[in-house]
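Work through the two exercises below with the structure in view, and try each task before you read its solution.

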Amino acid sequence: MSAANTRDAAIDAVTEYFDSARFKGDLTALVAHPTESQNPDAANELPKYLSEAMQPRLEAAGFKCEIFDNPQPNAGPFLIGERHEGDDLPTVLTYGHGDVIRAQEGMWREGLSPFEVVEEGDRLYGRGTADNKGQHLINIAAMEAVIATRGSLGFNARIVIEMGEETGSPGLGDFFRAQKDRLTADVLIASDGPRLQPDTPCMFMGSRGGVTFDLVVDLRTGAHHSGNWGGLLADPAMILAQALSTITDARSQIKIPEWRPNSLTDSVRAALKGLPIEPDDPDSPTIDPDWGEESLTPAERAYGWNSFAILAMKSGVPEAPVNAISASARATCQLRYVVGTDMNQILPALRRHLDAHGFKQVKIEPMERGIFAATRLDPSHPWVGFVRDSLEKTSGKAPHVLPNLAGSLPNDTFADILGLPTVWVPHSYRGCSQHAPNEHVLKPVCRDALRLMAGLFWDVGAGEGLPPK
């Protein structure tokens, strides 16, 4: 093979794509699509992203594409692209989501706007730069570099782009069940979420699950004067606060037995040992050392254990309090959980716990789209080793390997419905302001990620050391 058709040539080609500012230009065009899936007024923008931004580019790279309506009404569409090179070749499925969280117009700092890419130093600002437009753009560009260099990928590629991840991926499971024959593959290799540290490649093989619900105490109609009725009427806010205090202790250690996982094995502990967990950016918060499960390391708490959070609370009118005992109180709560927690027992266990502590008047209201299943691929799986070795070959350093992401992804649809080993290679970092104003990516991370993915896709196509089918 000539020097012009080598792994290094493919990596050089994708490096030039970044250095010439073409990556920034392409990212700018993607970010300009205001694809807020949480905003009903932006519904018409979701199919446009697939038909105007994704389909033409993928077809130019030799993919046959089709756009599908979501099986759930009023939910975002899907795109499937396929490049078939041979029946005897391995097949890689990759994924991205083109929808973004709410833009939060007016909350970005001066000089920034959600749907415009602004370059400042090593940062590219814009909604979707990190989550997830920049990440699937990197993977598509890396495949394009391999095709241009080798003349082919050397493997079959399938890609799914969804437009509803930020609303809980409605319909994705049903869509995968209906399209299962079109989505057969040997492995999922995709990108979302952050690296542990910006300067070190990272990979994870699943995600923590999440269940979101409201706890509600609704006692009467209307508020009543606290002087006339104080000491006579039960206070829903006090009842709710005391009920919440039974779920964890003062340092947030979970007290519901069914919420304490059984999966923090020696092999998982070994995988997590020594992984960095401290903030990687001056804008990131400082970890509270006396918070969470006392017997665990910070990495074990984040990636190997469950965590309970109160996302919001309300009783009365906080913006304009009055001298009255409110009629009701509400707290929106969330459990992030790992494999080893029975998802179907999370809320029933909570009901039993509240009843046992005398809080039968506290109602549990599940959120319709607030549930994600937990997944995890064993770190010893052959595809994990293959990806790890490729990333190390390109970067010259061992990547951080996580059994699962601390956050939640629809990884269960790939692992459980499609039956695939799943390996994620994130291209962002923890200080990226994902889901907040001033979202951004780091230019050095994007450049590095393009090189890593070109090397990885080249290695899959080379066929040496591939896991058996």
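Two strands pair if DSSP finds at least two bridges between them, where strands (E, at least two residues) and helices (H or I, at least four residues) are DSSP runs numbered from the N terminus. The model is predicted, so that local features need pLDDT of at least 70 and side-chain atom pairs count only at pLDDT 80 or more, while totals for chains, interfaces and linings use all residues. Residues are numbered from 1 along each chain as its sequence is written, and side-chain values use heavy atoms, with hydrogens and water left out.

**Exercise 1.** Find how strand 6 pairs with strand 2 and with strand 3, and decide whether its residues are buried or exposed.

Solution. Begin with strand 2 (residues 78-83), which pairs with strand 6 in the antiparallel sense over six bridges; here G81 has I159 as its bridge partner. Next, strand 3 (residues 91-97) pairs with strand 6 in the parallel sense over seven bridges, and Y95 is bridged to V160. Finally, seven of the seven residues of strand 6 (residues 156-162) are buried, so the strand is largely enclosed by the rest of the structure; buried means under 20% relative accessible area (1.4 Å probe, protein chains only).

**Exercise 2.** Describe how helix 2 packs against helix 4.

Solution. First, helix 2 (residues 22-31) and helix 4 (residues 133-150) pack at an angle of about 135°, with their axes 10 Å apart. Then list the contacts (heavy atoms within 4.5 Å): F23, D26, L27, L30 and V31 in helix 2 meet K133, G134, L137 and I138 in helix 4.

Conventions
Axes are lines fitted to C-alpha atoms, for helices over the stretch in contact, and angles run from 0 to 180 degrees between N-to-C directions. Buried means under 20% relative accessible area, exposed over 50%, partly exposed in between (1.4 Å probe, protein chains only).
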